[in-house]
Amino acid sequence: MTVANSASISASIAGRYAQALFDIVRESEGIDQLAQQADALDTALQDSEALRDLISSPIYSRAEQQRSIQAIAARMGLSDALTNTLALMARNRRLFALPQLIDRLRALIAEERGEVTADVVSAVELSDTQKQRLTATLAEKSGKTVKLNTRVDDTLIGGMIVKLGSQMIDSSIRSKLASLQNVMKEVG
């Protein structure tokens with residue numbers, strides 16, 4: 001099995017759990033709470049090597065994973081629906097798909113709210129004013145509420161790369177230099 005197949009399987013598994021959880025929460029009008037809890041769970045996953053080990057290591061039994069994830073959920077104050085989903089994933093040996101579950105939940109919540117996420121990579125940190133102007137421009141272009149995910153990559157030299165849905169706008173100096181280099185090769 002290739003890495004791509006493994007990632008696809010994880011995303012498929014996570015997608016089914018996320019859709020079921022989302023449908024339950026949407027009926028009880030708990031979308032905002034679910035969004036906050038998904039963010040908190042993602043932060044815990046990023047910050048805790050022990051949690052990452054728990055969800056991915058085969059040395060833990062189903063029962064150990066289930067007890068541990070329920071204790072973590074209780075300590076974090078997660079909703080019953082999310083706690084039960086995590087416990088079910090542990091029982092079925094599917095906790096390895098937790099990062100994909102979080103990603104899929106965020107996508108479902110954004111879709112429900114009419115939001116779209118734009119991934120922005122810039123050569124330098126964007127100021128608040130620049131972020132606001134970029135958000136407004138992208139919102140006007142997409143007709144949706146835009147949430148920015150920004151990061152800095154100094155190898156871009158200058159400019160930025162914006163990915164909004166399936167569209168990508170690369171206005172970085174690095175890409176312009178690469179294009180110029182290709183043109184020069186064709187001429188010479």
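**Close-up 1. D23 and its salt-bridge partner in helix α1.** In this predicted model, D23 has a relative accessible area of 26% and is therefore partly exposed, since that class lies between the limits of 20% and 50%. The side chain of D23 meets that of R26 in a salt bridge, with a distance of 3.2 Å from N to O. Both residues belong to helix α1, which covers residues 3–27, and they stand 3 residues apart, about one turn of the helix. R26 also counts as partly exposed, at a relative accessibility of 38%.

**Close-up 2. R26 and E112, a salt bridge between helices α1 and α6.** The side chains of R26 and E112 meet in a salt bridge at 3.4 Å, again taken from N to O. Because E112 lies in helix α6 (residues 98–113) whereas R26 lies in helix α1, this pair ties together parts that are 86 residues apart in sequence. E112 has a relative accessible area of 42%, so this residue is partly exposed.

**Close-up 3. R106 and D39, a salt bridge between helices α6 and α2.** The side chains of R106 and D39 meet in a salt bridge with an N to O distance of 2.9 Å. The two residues link distant parts of the chain, R106 being in helix α6 and D39 in helix α2 (residues 31–47), with 67 residues separating them. Relative accessibility is 30% for R106, which is therefore partly exposed, and 32% for D39, which counts as partly exposed as well. Turning back to the earlier views, D23, R26 and E112 are joined into one network by salt bridges that share partners. The count of salt bridges in the model comes to 6.

**Close-up 4. The largest nonpolar core and the surroundings of L101.** The largest nonpolar core has 31 residues, and those with the most contacts inside this core are L86, L98 and L101. The elements that contribute two or more residues to the core are α1, α2, α3 (49–56), α4 (62–76), α5 (80–91) and α6, and the largest share, 7 residues, comes from α1. When residues up to four places away in sequence are not counted, L101 touches A14, Y17, A18, L86 and M89. Another core lies apart from the one just described; this other core has 10 residues, among them A118, L126, L148 and L164. As a general background to such views, nonpolar side chains in soluble globular proteins tend to be buried together.

**Close-up 5. The open sheet and its parallel pair β1 and β2.** An open sheet is formed by 4 strands in the order β2-β1-β3-β4, and the pairing within this sheet is mixed. The edge strands, each of which pairs on one side only, are β2 (145–152) and β4. On average, and with direction ignored, neighbouring strands of the sheet are turned by 15° against each other. Strand β1, which spans residues 115–122, runs parallel to β2 and is joined to it by 8 bridges. S122 has V152 of β2 as its bridge partner.

**Close-up 6. The hairpin of strands β3 and β4.** Strands β3 (residues 160–164) and β4 (residues 167–170) run antiparallel and are joined by 4 bridges. Together β3 and β4 form a hairpin with 2 residues between them, and G165 in the turn has a positive phi of about 65°. The bridge partner of I161 in strand β4 is D170.

Key. Residues numbered from 1 in each chain as written. Predicted model: local features only at pLDDT ≥ 70, side-chain atom pairs only at ≥ 80, totals over all residues. Heavy atoms only, no water. Salt bridge = Lys/Arg side-chain N within 4 Å of Asp/Glu carboxyl O. Buried < 20%, exposed > 50% of the residue type's maximum accessible area, 1.4 Å probe, protein only. Core = buried A, V, L, I, M, F, W, Y, C linked by side-chain atoms within 4.5 Å. Contact = heavy atoms within 4.5 Å. Pairing = 2+ DSSP bridges. Axes fitted to C-alpha atoms, helices over the stretch in contact; angles between N-to-C directions.
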